[in-house]
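Biologist: Please take me through one part of this model in detail. I would like the helix packing, then whatever stands out in the loops.

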Amino acid sequence: MAAAWGRRGGPALLRGALGAAQCRACSTGAPVRAPTGAAQAQELQSSGRARFLLEHAAPFSAFLTDSFGRQHNYLRISLTEKCNLRCQYCMPEEGVQLTPKSELLTAQEIITLAGLFVKEGVEKIRLTGGEPLIRPDVVDIVGQLYKLEGLKTIAVTTNGINLARLLPRLKEAGLNAINISLDTLVPAKFEFIVRRKGFHKVMEGIHKATELGYRPVKVNCVVMRGLNEDELLNFVDFTKDLPLDVRFIEYMPFDGNKWNFKKMVSYKEMLDTIKQRWPELEKLPCEASSTAKSYKVPHFQGQISFITSMSEHFCGSCNRLRITADGNLKVCLFGSSEVSLRDHLRSGASEEELVQIIGAAVSRKKKQHAEPALMSFPLCQDALQNLPYSKLWGHAFSHWLTLRASLSKQMGKALIRNKLTKQLILPRLHPEQQWYLRTGILQTQLRGFCDFQKDLSSTSDTKCLEASSVGQVSMDCQSKEASPGSEFSNRNSGSCTRIHRASNNLTHTDEEGRASMVDIGGKPDSRRSAVAVAFVRLGEKAFEMVRQNQMKKGDVLAVAQIAGIQGAKLTSQLIPLCHNIPLSHVEVSLSLDEASCAVMIRCSCQTWGKTGVEMEALTAASLAALTVYDMCKAVTHDIVIEEVKLLSKTGGQRGDFSRSLESTSYPDTSSPLDNHC
């Protein structure tokens with residue numbers, strides 16, 4: 001007790017005196033809070049000892065206070081790296097390499113470390129994963145945590161698959177807060193996103209939590225453009241008759257997913273969409289350390305919240321620390337710095353030594369997560385769309401101006417002009433790689449940045465340049481006009497030119513403009529996939545013969561399917577600078593469109609390797625289309641192959657790409673001499 005008094009003084013004992021007053025749950029199971037403020041002080045007046053503790057209480061633990069004055073009273077503990085789902089934005093389909101069980105924290109080690117943090121002032125512990133509810137001893141861990149004096153809240157974040165089955169026991173053990181991850185209310189889409197079945201189990205878990213009296217039941221929804229942003233209103237409506245807090249989370253970059261800014265739907269955009277349906281939406285007050293901006297539709301049982309991790313970060317009020325499943329302390333989710341508490345614990349470190357180690361790590365916590373470059377990027381994008389707010393991000397503008405000036409000063413002499421593209425570039429493997437590292441613009445994390453060029457005496461263009469490959473950076477310091485293939489938009493007096501990488505850098509040419517095969521030896525292996533389509537218009541007569549399988553050369557669709565598969569496998573022999581890729585899967589499907597008398601071809605390719613499979617998918621679609629032409633040309637030569645294009649791709653440094661096939665309007669290129677079906 002003396003050691004606890006020395007670090008924490010009164011509060012370590014004060015929490016013990018308050019123990020009886022801090023009932024975690026009432027008889028109905030609904031979590032309740034301990035008396036606070038004046039009510040708590042009034043209760044303590046009845047005890048002279050308690051009054052003494054109040055008068056002599058020490059400040060919050062110095063060991064859990066960082067150099068910016070943030071007090072960390074919230075600890076997240078990962079119980080496992082395993083998960084029974086494979087969410088597309090979180091984990092690859094094949095899973096991740098797991099840490100050996102012997103290197104993971106045991107239940108006793110978890111309780112020991114948790115007790116240490118609680119003694120220093122942590123009041124809330126959240127159990128996470130992986131999926132925490134697949135750990136066999138999770139109920140026992142919750143029960144042991146409940147016994148820790150001073151711990152007010154024990155929470156869990158779960159995907160909900162096992163929740164309905166375990167929740168009665170967890171509640172009895174002391175669990176009093178729940179977050180459930182659910183990104184869609186459409187069962188088929190749920191299965192697509194998580195690559196597993198289980199939607200109805202999650203819904204059962206949500207209803208079980210409300211039945212057992214949890215208020216509110218928090219539902220975490222990661223909002224991604226093109227995937228589930230169309231369900232915002234449905235999620236809000238979900239709170240009408242249930243005591244839920246649906247928390248819309250801005251899509252964020254992690255190692256496991258490929259960052260693509262176009263996928264992010266900002267808090268402001270979501271809020272505008274919801275207010276169009278419910279203009280009476282009310283903003284709710286929130287605590288200083290809250291990560292959420294909360295709102296409520298009047299007369300709805302529940303509420304909604306927004307976690308603005310990207311557009312409006314909340315680093316300044318962060319009170320969170322994290323312990324990974326293998327016992328590493330992370331003071332920031334986005335930071336790479338970790339301290340192994342497990343190793344110190346197993347080597348026999350004393351409680352005092354562990355506290356010193358924790359305090360040293362907390363003191364090194366940065367002011368905000370990741371790097372300014374990463375934080376500024378979404379702010380730049382938002383500013384471009386909302387110029388009246390641009391003053392709020394003056395520091396972001398000046399940051400990029402500083403980067404631009406620094407690059408010009410340090411690398412100006414190294415720039416050369418590519419003879420073919422006429423672009424100024426930094427030669428491959430030049431020191432700009434170190435510049436990338438210094439400014440935090442890692443190619444695997446961020447593929448674009450905004451370089452704000454502003455003349456204070458006059459209005460000028462605002463130019464957004466996408467980051468080039470690690471080997472070379474495209475610098476266009478003179479041109480004011482959008483090049484072919486780039487986006488160009490005007491916002492009041494400002495304009496933004498988004499110059500796509502494909503328009504500025506030909507990766508298959510060297511500095512002299514000669515053809516050159518890309519060296520992929522240094523790239524990491526990852527899952528790559530691509531889908532390509534093609535459209536073959538046959539005319540009425542040929543189409544009818546294909547449909548009835550009356551062509552003399554045989555079954556057109558079956559032969560074209562085989563040709564497409566063969567084409568995918570032979571791509572490197574047909575396209576000179578393509579790498580020979582070991583394909584793990586090729587699928588070619590052909591269907592008949594009676595309305596346009598056409599064959600629609602869809603080809604998908606997958607691999608696990610260092611480069612993508614777009615060319616394999618496109619080659620497969622092209623070869624299948626040419627085969628259809630060859631087998632039908634005896635009937636008519638008025639056959640048109642069109643719309644050979646990439647439909648989607650995943651993986652790689654440039655990130656994911658997709659376009660809607662349904663939105664494509666195929667032009668009518670049939671001959672006027674042909675009859676239409």
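Modeller: An axis here is a line fitted to C-alpha atoms, for helices over the stretch in contact, and angles run from 0 to 180 degrees between N-to-C directions. Helices (H or I, at least four residues) and strands (E, at least two) are DSSP runs, numbered from the N terminus. The model is predicted, so to speak of a local feature requires pLDDT of at least 70, and side-chain atom pairs count only at pLDDT 80 or more, while totals for chains, interfaces and linings use all residues. Residues are numbered from 1 along each chain as its sequence is written, and side-chain values use heavy atoms, with hydrogens and water left out.

Start with α5 and α6. Their axes lie 10 Å apart, and the packing angle is about 25°. This makes α5 roughly parallel to α6, a label for angles under 35 degrees (over 145 is roughly antiparallel, 65 to 115 roughly perpendicular, the rest oblique). The crossing of α5 and α6 is right-handed: the near helix is turned clockwise from the far one by less than a right angle, whereas anticlockwise would be left-handed. Contact means heavy atoms within 4.5 Å. From α5, the contact takes in Ala107, Ile110, Ile111 and Ala114; they meet Ile141, Gln144 and Leu145 of α6. By class, the residues of this contact are 6 nonpolar, 1 polar and no charged. Here Ala, Val, Leu, Ile, Met, Phe, Trp, Tyr, Cys and Pro count as nonpolar, Asp, Glu, Lys and Arg as charged, and the others, Gly among them, as polar.

Next comes the other partner of α6. Helix α6 (residues 138–146) and helix α7 (residues 163–173) have axes that come within 8 Å and cross at roughly 20°. α6 is therefore roughly parallel to α7. It is a right-handed crossing, too, as α6 passes α7. On the α6 side sit Val138, Val139, Val142, Gly143 and Tyr146; on the α7 side, Leu166, Arg169, Leu170 and Ala173. The α6–α7 contact holds 7 nonpolar residues, 1 polar and 1 charged.

Now go back to α5 and its contact with helix α13 (residues 351–363). These two axes come within 11 Å and cross at roughly 70°. α5 and α13 are therefore roughly perpendicular. Leu116, Phe117 and Lys119 of α5 meet Glu351, Leu354, Val355 and Ile358 of α13. In this contact, 5 residues are nonpolar, none polar and 2 charged.

The core ties in here. A nonpolar core is a set of buried Ala, Val, Leu, Ile, Met, Phe, Trp, Tyr and Cys residues joined through side-chain atoms within 4.5 Å. Buried means under 20% relative accessible area, exposed over 50%, partly exposed in between (1.4 Å probe, protein chains only). The largest nonpolar core has 95 residues, and Phe117, Ile125, Leu145 and Phe248 touch the most other members. Helix α5 (residues 107–119) gives the most to this core, with 7 residues. A second, separate core has 33 residues, including Ala534, Val546, Met551 and Cys603.

The loops come next. Gly129 and Gly130 are joined by a cis peptide bond, with omega about 10°. Gly130 sits in the loop between β2 (124–128) and α6. Another cis peptide bond joins Arg215 and Pro216, with omega about -10°. Pro216 lies in the loop between α9 (199–211) and β5. On the other side of that strand, Glu231 is in the loop between β5 (217–223) and α10 (232–238). Glu231 counts as buried because its relative accessibility is 2%. Leaving aside residues up to four places away in sequence, Glu231 touches Asp183, Thr184, Leu185, Val186 and Lys189.

Two non-glycine residues have positive phi. Asn549 has phi near 55° and belongs to the loop between α18 (540–547) and α19 (556–569). At 43% relative accessibility, Asn549 is partly exposed. Cys597 has phi of about 50° and lies in the loop between β20 (583–593) and β21 (598–609). Cys597 is buried, at 3% relative accessible area.

Finally, the whole chain. The protein has 21 helices and 23 strands. Of its 677 residues, 49% are buried. Among contacts with a separation of 6 or more, 70% join residues 24 or more positions apart.
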